[in-house]
Amino acid sequence: MLIRKTVLVYFSLLAFLYSAHAQSEALSKIDIPDLKEYLTFIASDELQGRSLGTEVDGLEITANYLADYAKKIGLKPAVENYFQPVPILHTAQSTDAFIEVKNKKGKSVYKSEDLVKLDRNAGVFSLENEAVVFIGFGDNIESLNLEGKIVVAAQGSAKTFSDEVSTEWQNRTERDKMNAITAKNPKALLMITSPKDKENKAFKQLQAWMNRPGYSVKSDKITVQPAVVVAKPELADALLGKKGQYEKYLQASASGSKTVTEVSETVSLKIGSEPEELEGKNIVAYIEGSDPVLKNEYIVFMAHYDHLGIGKDGDVYNGADDNGSGTVAIMEVAEAFASLKEKPKRSIVFLWVTCEEKGHFGSSYYCDHPVFPLDKTIASINLDMVGRVYDGPRDDVWKDSPKKVKDFDGLYTLSNDVWPELAKLNAAHCAELGLIPDTSLPKERFLRASDHYHFHKYGVPILNYATGYHADYHKVGDEVEKINFEKIKRVADLCFLVGFDLANLEDVEF
Ligand SMILES: [Zn+2]
């Protein structure tokens with residue numbers, strides 16, 4: 001009895017020593033010369049800032065570079081040639097937009113190019129001589145039948161209008177209003193800015209936001225929603241018959257009378273342009289787990305490899321930290337796992353995602369079309385900017401940063417609350433490496449701030465590592481020369497240790 005127990009202890013100790021040895025061998029694969037070599041290429045001017053729409057397709061070159069690398073170190077392709085295509089629509093600014101009002105005799109009384117499209121429908125939207133119905137500020141619409149109609153609603157509310165609080169565009173309020181109205185299936189919604197906004201500030205602000213060329217992920221379902229366009233008060237004056245009428249109408253409608261008004265004037269408009277279809281690429285590679293059952297569970301390491309491209313002035317945004325650093329860190333983590341003779345029990349996925357800077361396109365597409373089931377993904381670990389150490393006077397950006405991450409030992413770590421064990425496991429490995437996890441980032445903001453958001457949305461436990469904002473964030477100064485490669489190595493080491501543990505845990509329950 002005693003002997004058997006001793007033998008067992010002996011064997012488990014051997015296994016432990018073997019595992020510790022294997023881990024330190026693997027960690028030695030994560031080395032600074034490699035990190036430097038990869039990042040020097042990824043963040044070079046030649047790649048023109050790794051974005052869609054540049055003359056040299058640096059985004060594609062980086063995608064090929066990562067896929068070649070995955071192949072070279074022996075990762076398995078999770079999709080054909082390691083590429084998960086991400087369909088993207090590019091809509092240029094419409095050049096021939098107009099809106100026109102005709103009176104009941106058919107005479108044109110207003111024509112302007114001032115209109116902004118707010119809905120995300122692709123393509124051109126047009127109307128020809130259609131009747132409209134005014135619905136005031138868009139409240140109390142429950143009983144109205146708006147189906148198929150052209151609805152005109154005022155920006156703001158009766159209260160903000162009467163109190164003269166503000167004529168600014170309050171995004172959330174207007175969004176809610178738009179959603180309530182479009183839920184009633186009108187053909188189009190014309191939102192009119194406030195007549196009290198004499199300089200048309202709100203309109204100009206929207207114009208600047210929305211009339212830029214836009215990129216979006218092409219959705220699977222073609223859901224055509226009612227068109228929503230914003231126009232100036234002059235349009236409403238023309239529809240109501242004369243200058244100043246709109247303000248009067250809003251006064252009446254704010255006081256509760258005369259909310260729904262049909263007019264005999266008609267509106268015609270055209271806005272939007274046909275989108276161009278582009279293709280982004282996620283690189284999805286993996287190491288299959290060694291356990292016949294647990295290999296069907298996954299740990300995902302993720303980093304976005306795109307950046308901002310080229311500025312109007314021709315400057316190249318190299319994004320060495322954002323997010324060349326995370327991209328190369330994961331390359332080295334992958335090499336460390338690939339070098340293990342005995343692979344961990346669960347499978348480890350390496351996911352380099354595209355177009356984070358355009359709106360998390362790669363990660364949202366992956367999560368909507370997961371290559372490995374999300375309910376079998378026990379953790380998604382996202383690296384976004386892990387290569388800088390605070391080393392100068394505290395500038396404006398750093399002033400707002402929590403203080404712990406100011407030096408070589410600090411690391412912002414963000415987790416969600418899906419599986420609290422994950423944060424504990426992370427803290428233990430940070431301690432082992434002398435890193436101080438700073439968990440002070442406000443979750444409501446930072447859970448949305450990068451690619452991990454989409455895994456979070458689907459209830460996957462997430463970790464996000466970052467060394468923090470700096471003065472070169474989204475500036476041309478985000479260059480390789482300012483990267484601290486020791487720090488990237490420490491983060492990559494941490495990834496390996498956390499990933500190794502996660503992949504071998506007996507039971508994971510959340
Ligand atoms: Zn980033």
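**Chatting through the zinc site and the chain**

A: Starting with the surface of this predicted model: the accessible area of the chain is about 24,100 Å², and carbon and sulfur atoms account for 51% of that.

Q: OK, and what box do the C-alpha atoms fill?

A: Roughly 100 × 55 × 45 Å, taken along the principal axes.

Q: How many of the residues count as buried, as a percentage?

A: The chain has 510 residues, and 51% of them count as buried.

Q: Switching to the metal: which residues coordinate the zinc ion?

A: H304 does so through NE2, D322 through an OD atom, and D384 shows up twice, each time with OD. The distances run from 2.0 to 2.7 Å.

Q: What sort of site is that, going by the angles?

A: Irregular: the angles among the 4 donor atoms span 52 to 150 degrees. Tetrahedral would need every angle between 85 and 135 degrees, so that label is out.

Q: Where do H304 and D384 lie in the chain?

A: H304 is in strand β13 (residues 298–304), while D384 is in the loop between β17 (377–383) and α11 (396–399). They are 80 residues apart in sequence, so the pair ties together separate parts of the chain. The donor spacing reads H-x17-D-x61-D.

Q: Are those two buried or exposed?

A: H304 counts as buried, at 0% relative accessibility. D384 counts as buried too, at 9%.

Q: Back to the whole chain: how many helices and strands?

A: 15 helices and 20 strands.

Q: And how many charged side chains of each sign?

A: There are 60 positive and 76 negative ones, with the centres of the two sets 5 Å apart.

Terms used
Residues numbered from 1 in each chain as written. Predicted model: local features only at pLDDT ≥ 70, side-chain atom pairs only at ≥ 80, totals over all residues. Heavy atoms only, no water. Donors = N, O, S within 2.8 Å, 3.2 Å for Na, K, Ca; no water. Tetrahedral: all angles 85-135°; square planar, octahedral: opposite > 155°, others 65-115°. Helix = DSSP H or I, 4+ residues; strand = E, 2+ residues; numbered from the N terminus. Buried < 20%, exposed > 50% of the residue type's maximum accessible area, 1.4 Å probe, protein only. Areas by Shrake-Rupley, 256 points an atom, 1.4 Å probe, with all protein chains shown as cover. Lys, Arg positive; Asp, Glu negative; His and termini not counted. Charge placed at Lys NZ, Arg CZ, Asp CG, Glu CD.
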